[in-house]
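Reader: I am a first-year student, and I should be grateful for a close look at one part of this structure. Would you please take me through the charged side chains and their surroundings step by step?

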Amino acid sequence: TIAGFTIGNWDADDIAILTTGGGLIKDVAMNEPFRYSAIRADGGRQGRGNDVVIEGCELINTTAPGTGRALELYYGTHCVVRDCAICGWAEGVYVNRDSDPLIGRNTITDNACGVIAAGGGGFLTEPDLGGGARGSVGGNTIRDNACVGVYNWTDATIWALNNTWTTDPPT
């Protein structure tokens with residue numbers, strides 16, 4: 001468990017928190033970009049192997065807005081992201097490589113791209129932002145992201161029901 005910290009990036013580190021297993025990351029605050037991501041949940045190249053819960057984190061990039069990634073959910077991550085504020089990044093949430101995170105009750109605003117789902121190479125990436133197979137209730141606020149709220153760069157259907165968007169219906 002990692003809880004109740006404010007983390008800075010004084011040495012231009014690659015990743016602030018890297019998890020390759022389960023556990024809990026709760027009430028962590030960060031306001032600076034990292035080379036790759038503030039928090040990376042990596043399930044390993046062998047499939048779904050990371051059930052970490054990321055909860056109540058304040059990932060608000062105030063020192064270099066429009067740079068870095070807040071969350072990188074990678075290589076089979078089967079994690080939960082809830083009740084987080086994700087603001088001011090180039091990519092708020094980046095999901096890739098056979099991952100299917102449950103993403104609910106978050107504020108994802110003022111990023112260049114809010115959520116990116118990337119696949120390819122035989123990997124199926126299926127984040128559930130509301131109404132999908134993982135059971136997310138939605139409740140995300142996905143607003144005012146410069147390029148797009150949710151970008152689906154996969155062959156899968158991305159579920160994102162019951163959320164608040166910049167426009168209704170979302171574009």
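Author: Two strands are said to pair if DSSP finds at least two bridges between them. The model discussed here is predicted. With that meaning of pairing, five strands make up an open sheet in the order β1-β4-β7-β10-β13, and their pairing is parallel. The edges are taken by β1 (2-3) and β13, each of which has a single partner strand, so one side of each is left without a neighbour in the sheet. Further in, strand β7 (residues 53-55) and β10 run parallel and are joined by three bridges. Isoleucine 54, for example, has valine 81 in β10 as its bridge partner.

The charged side chains may now be considered. Side chains of opposite charge can pair when their charged atoms come close. Across the whole structure, a search finds eight salt bridges.

One of these connects arginine 105 with aspartate 83, and their closest N and O atoms are 2.8 Å apart. This pair links distant parts of the chain, 22 residues apart: arginine 105 is in the loop between β13 (102-104) and β14 (107-109), while aspartate 83 is in the loop between β10 (80-82) and β11 (85-87). Arginine 105 has a relative accessibility of 45% and therefore counts as partly exposed. Aspartate 83, with a relative accessibility of 33%, likewise counts as partly exposed.

A second place to examine is glutamate 72. The side chain of glutamate 72 meets that of arginine 40 in a salt bridge, with an N to O distance of 3.7 Å. Because glutamate 72 belongs to strand β9 (residues 69-74) and arginine 40 to strand β6 (residues 37-42), the pair ties together parts that are 32 residues apart in sequence. The side chain of glutamate 72 also meets that of arginine 69 in a salt bridge, here at 2.8 Å, N to O.

Are these residues buried or exposed? The cut-off for buried is under 20% relative accessible area. Glutamate 72 has a relative accessibility of 4%, so glutamate 72 counts as buried. Arginine 40, at a relative accessible area of 15%, is therefore buried as well. Arginine 69 is buried too, as is glutamate 72.

Finally, these contacts belong to a network of salt bridges, in which Arg40, Asp42, Arg69, Glu72 and Glu91 are linked. Two settings have thus been described: the salt bridge between arginine 105 and aspartate 83, and the network that includes Arg40, Arg69 and Glu72.

Terms used: Residues are numbered from 1 along each chain as its sequence is written. This is a predicted model: local features need pLDDT of at least 70, side-chain atom pairs count only at pLDDT 80 or more; totals for chains, interfaces and linings use all residues. Side-chain values use heavy atoms; hydrogens and water are left out. A salt bridge is a side-chain nitrogen of Lys or Arg within 4 Å of a carboxyl oxygen of Asp or Glu. Helices (H or I, at least four residues) and strands (E, at least two) are DSSP runs, numbered from the N terminus. Buried means under 20% relative accessible area, exposed over 50%, partly exposed in between (1.4 Å probe, protein chains only).
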